[in-house]
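Good morning, and thank you for joining this group meeting. Please look at the sequence and the structure on the screen while I go through them.

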Amino acid sequence: MFRIGIGNDTHRLVAGRPLILGGVKIPCEFGAEGHSDSDVLAHALIDAILGAMADGDIGAHFPDNDSQWKDADSLEMLSRTAMLIRRRDLSFGNADVTIILERPKLRDYIEDMRATVARTLDVDIGRISVKAKTNEGLDAVGRGEAVSAQAIVLLFDKNS
Ligand SMILES: [Zn+2]
């Protein structure tokens, strides 16, 4: 049986915060505001995985009022989510992620993000796609006030 899940996440961009995407720190004078390290790629991916398992969402698993996740490394949350996949005897098929950010250009960091996510999920890099685009100057993302990510994930159950 195939199981598909979708996730998306948006964080406000502010001065003085690191910009971390897929566990990769992007050199930049602003970053994403939020409780954890605010890695929108990781958060969208976690929600997509949880969605594929029909097991709630990131807020239920990693509450933002829990001090354990204050400024937390989102890769740690992603790694724990990967453990849930294995615990349910499911296998990871592939993920496709789109980051929407007006600037800076992310092209130079895409391979590093793919490798970092693949390592965290313990899957081959060929199963992880990361794409980046701008919002053509439109709405909050286009004005450079926010960063978004969308993710879709396929899991499969070898036993059914
Ligand atoms: Zn988030």
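**A walk through the model**

Let me begin with one residue: leaving out residues up to four places away in sequence, Leu-154 touches Phe-2, Arg-3, Ile-4, Phe-92, Gly-93 and Asn-94, where a contact means heavy atoms within 4.5 Å. Leu-154 is placed in strand S7. With a relative accessible area of 24%, Leu-154 is partly exposed. For this term, buried means under 20% relative accessible area, exposed means over 50%, and partly exposed lies in between, with a 1.4 Å probe and protein chains only. The C-alpha atoms of Leu-154 and Met-53 are separated by 9.8 Å, although the two residues are 101 residues apart along the chain.

Before going on, I should say how the model is to be read. This is a predicted model, in which local features need pLDDT of at least 70 and side-chain atom pairs count only at pLDDT 80 or more, while totals for chains, interfaces and linings use all residues. Residues are numbered from 1 along each chain as its sequence is written, and side-chain values use heavy atoms, with hydrogens and water left out.

Now to the overall picture. How many helices and strands does the protein have? There are five helices and seven strands. Helices (H or I, at least four residues) and strands (E, at least two) are DSSP runs, numbered from the N terminus. Read from the N terminus on, the order of the elements is β-β-β-β-α-α-α-β-α-β-α-β. The radius of gyration of the protein is 15 Å, close to the 15 Å that the globule rule gives for 160 residues, so the protein is as compact as a globular protein of that length. That radius is taken over C-alpha atoms, and the globule rule is 2.2 Å times the number of residues to the power 0.38. Along the principal axes, the C-alpha atoms fill a box of roughly 50 × 35 × 25 Å.

Of the 160 residues in the protein, 47% are buried. Among contacts with a separation of 6 or more, 72% are between residues 24 or more positions apart. The accessible surface comes to about 8,100 Å², and 49% of it belongs to carbon and sulfur atoms. These areas come from the Shrake-Rupley method with a 1.4 Å probe, and for residues only the protein chains shown count as cover.

Let us return to strand S7, residues 146-156, which pairs with S1 in the antiparallel sense over 11 bridges. Two strands pair if DSSP finds at least two bridges between them. One of these bridges joins Arg-3 to Leu-155 in S7. S7 also pairs with strand S5, residues 91-100, in the antiparallel sense over nine bridges. Here Asp-96 has Ile-152 of S7 as its bridge partner.

I turn next to the metal. Which residues are the protein donors of the zinc ion? They are Asp-9 (OD), His-11 (NE2) and His-43 (ND1), which lie 2.0 to 2.1 Å from the ion. His-11 lies in strand S1 (residues 2-15) and His-43 in helix H1 (residues 40-52), so the pair ties together parts that are 32 residues apart in sequence. In sequence, the spacing of the donor residues is D-x1-H-x31-H. Donors are N, O and S atoms within 2.8 Å of the metal (3.2 Å for Na, K and Ca), and water is not among the atoms, so sites may look incomplete. Both histidines are buried: His-11 has 13% relative accessibility, and His-43 has a relative accessible area of 7%.

One contact of His-43 leads to the loop between strand S4 (30-32) and H1, where Ser-36 lies. Leaving aside neighbours within four places in sequence, Ser-36 is in contact with residues including His-43, Arg-17 and Trp-69. Ser-36 is buried, with a relative accessible area of 5%. The side chain of Ser-36 reaches the backbone nitrogen of Ser-38 at 3.0 Å. Ser-38 is in the loop between S4 and H1 as well, and counts as buried at 1% relative accessibility. Its phi is near 60°, a positive value in a residue other than glycine.

Finally, two further backbone features. Asp-89, in the loop between helix H3 (74-87) and S5, has a positive phi near 65°. The peptide bond from Arg-103 to Pro-104 is cis, with omega near 0°, and Pro-104 is found in the loop between S5 and helix H4 (110-121).

Methods. Polar contact = N/O pair within 3.5 Å; in protein donor to acceptor, adjacent residues only side chain to side chain.
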